[in-house]
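Please open the structure in your viewer and keep the selection tool at hand, since this tour moves from one selection to the next.

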Amino acid sequence: MSRAWIVAILLVTFQAAFSFPKKKIFMGALVLSYNNDEQGFQTAMEYATEIINNRSDILRDYELVVRYAETLGSPIYSILGVFNFLRWPKNESMQVLIGPAWSRNAGPAALACGTWRVLQISYGATSVELQNDQYYGMLFSNVPSTASFNYARLAVLDYFGWKRVAILQEYDDKLYSSAVANFQDQVNWFAPGVSIITLEGYQKGENKENTNQEFNVIKLDARIIIGEFSIYRAAEVFCEAYKLGMYGPKYVWLLAATSSGGWIFSPETFSRQHKNLGCDHSEVVKAAEGFLVIANVDIRQDNKTTVSGLDASTYLAEVRKRNSQTLARTSYAFDSIWAAALMLNETSNETRPEDLVLSSDKFSDEYKDLLEEQEFAGLSGPHKFFNRERMGTVSISQMRVEDGIAQLVQIGSHDTASNELTLNNAEVKKMWKDGKVPVDETRKERKVLTYSLVQLIIIGVFAVLGLIYSLGFLYFNISKRNHKVVRMSSPMINNVVLLGCLFCYVFVFLLGIDSRFVDEHVFGILCNVRLYVLAIAFSMAFGALFSKTWRVHKIFTAQRAIKRKMMQDFHLILFVLVLVLIDVVFITVWIFYDPLKPEDIVFDDLIEQSSDLITIPVLKICECTHRTKLFGALYGYKGILLLFGVFLAWETRNVTIPALNDSKYIGMSVYNVVILSAIGATVSMVLKKTVYYELLHVLVSVVVLLSTTVTLTMVFLPKSFCITHGKLTAQSGKPHIDLFSPREIDRSNQLSYRGQLSGTPERCEGHLCPSCSGVPASCQRVPGLGVPKNPMMIKTALKWSYH
């Protein structure tokens, strides 16, 4: 035998003789039943323990021993199991308690563990109530809790743009109420844009109160509903929803995993558990179709090798060899054993597992800190604790009905640690039957009513033509201001009339600017600018016309005092300025105390409603608090001015002296303005705030355009016609008025007066005076006034009219 073999045999013999046995460390595990491991949780933990004990890189000097106690689904048995573990000898003290699976059992067990400061890891408790440090400070939940479900809910709400939600919860002391409270906190912290419009409680069993709660949800137009209730209440909830019509593509229910189960997927289970529900299985399925459920991922979705050396498929194949009933979600129990083992592997010399002292803060605090630090690739997914809560991945699934069979289809997942939402785009496209994402409320869309574009263009064209028309007369009036015909008509006053008419056409443009062209602030300014423009335009145009008519009236009524009281153009302009000043002061005070502002008028008769949209027609108008009184005062003031104009027009209706050639046409213009203004004011009062807003705009625009255009035509077209065609009298081929000086009258004692009186071309010549016998009556009196006039008086009046 060679020397090498001899040395090897001696080393093996020495190691066998002097090696120390592994120290045993004990953990307790609560399972539903250790005599019938029908779900495979015990099988999974035994398999994990086996792998750990066969590894040399973890707990090398220790042998992990897990002892089991059954809970039978009862909180009482859960507490008894903890007490049985605590009765072990000191050298077999329980390092960590694994389990139980359900929140209602994990809570009472945690209270007992907290008394003896025993670290507890539950592989199935999801209630956020267990995050209460005061009562459950030693409990770590190894599955994503309801808080993780709420994070996923917020991510789903954000993805689909839902901002309004209602909550319907089952009344209970802790489980569902704590989940709802956590959701409300998360909304306040992370999603302030989400509005919880109502929180309705749901009693166990069928009663009228439950119907009222769901009816409140409908009344508030809730479309997105957060459901927190058990699988036993879920069927009742959806039965009531069916009766109330709360189903279909416009409603979305977001449920937790505890709300879905055999009631929906198995007609047999439904019939057995809900015999007297009041709805059959098909009706409940119809009401529940499309709900989204947030649940824990049973096992990781990839084929990554985990810390145990296994991937998901290998693990399932192995445990199902041992127990064919093992479920995929037993991965959480498997990872719980690994988390505890990795934590014990990191203990310091001062807190060695074999030195454990129950109720010792030194051990419990270090164990908690070490467990929080453990991060590894587990079979249930990336493994990490934060504040005793598992940061993991939750699944998002939708209930769909295919061939009359309800089934859950996973559409995505949410990673709590990274807050990352991952959705399967192919499945997302199939979520909504009509291809449209449901809205979170019946949207109310304001449709601002505006004038027809064709209508605005047509009126705008006429307004432009009116501007060109008035500018043409303005050019004519200025260029021909020294011509006798224009000069005798007071060209300066005519310019004021033309500027007023220009402003009237500008007002028509301003009237057509609605809310589609400007924002609300500018529209408010525009309301007041329109008021200024129309009032000033009226005062300038028609105030100047009335002043000219007034002067004509004064000429033929002031007999002896005509030389003293004759009115010059300066007086007429001053009169117009006074009218404009009154307008400016009145409107300025008006706007200062009660300005016109945009106001929305809603026409209920025009509201259009569909399943998801209500279109509300809104018309923006100019309004103020004391509008009726203020407009009444303005209309009254302008009305008095119009009445004054009517009076002057009537008094001078028969004055047709060419030198005072505006009187008849001004009178006709006044009649036109009075009639059209009365029509416009009446129509405006009747159609204001009605659906006939376009008709009102057309009528007001037509009244302004027509009255302004007729006035321009009456006042300026005859002058233009006389000058361009050379017609003023029937006898002369050119406009001709001979005014003899007083010296000529005195010398010849004759008056050669050519003109037109009452439209009759008649010459009065060779007479010493109009009062002589044989003189035609039409030469003796001014038609219409019946007041004898001295030729010198008429000559003087005509002289003043030049200025």
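In this predicted model, begin by selecting helix 19, residues 491-511, together with helix 20, residues 520-555, which pack at an angle of about 150° with their axes 8 Å apart. Angles over 145 degrees count as roughly antiparallel, and helix 19 and helix 20 are therefore roughly antiparallel to each other. If you turn the view to look across the pair, the crossing of helix 19 and helix 20 is left-handed.

Next, show the side chains where the two helices meet: on helix 19 the residues in contact include I493, V497, F503 and F507, while on helix 20 they include L526, R530, M540 and K548. Sorted by class, this contact of helix 19 with helix 20 has 19 nonpolar, three polar and two charged residues.

Now move to strand 6, residues 164-170, where seven of the seven residues are buried, so that the strand is mostly covered. In a regular strand the side chains alternate between the two faces of the sheet. Colour R164, A166, L168 and E170 as one side of strand 6 and V165, I167 and Q169 as the other, and you will have marked two faces that are both covered, with each of these residues buried.

Which strands pair with strand 6? Select strand 7, residues 195-202, which pairs with strand 6 in the parallel sense over seven bridges, and find A166 standing opposite T198 of strand 7. Then add strand 8, residues 224-228, which also pairs with strand 6 in the parallel sense, over four bridges; here I226 in strand 8 is the bridge partner of I167.

How values were computed. Residues numbered from 1 in each chain as written. Predicted model: local features only at pLDDT ≥ 70, side-chain atom pairs only at ≥ 80, totals over all residues. Heavy atoms only, no water. Axes fitted to C-alpha atoms, helices over the stretch in contact; angles between N-to-C directions. Parallel < 35°, antiparallel > 145°, perpendicular 65-115°, else oblique. Left-handed = near helix turned anticlockwise from the far one by under 90°. Contact = heavy atoms within 4.5 Å. Nonpolar A, V, L, I, M, F, W, Y, C, P; charged D, E, K, R; others polar. Buried < 20%, exposed > 50% of the residue type's maximum accessible area, 1.4 Å probe, protein only. Pairing = 2+ DSSP bridges.
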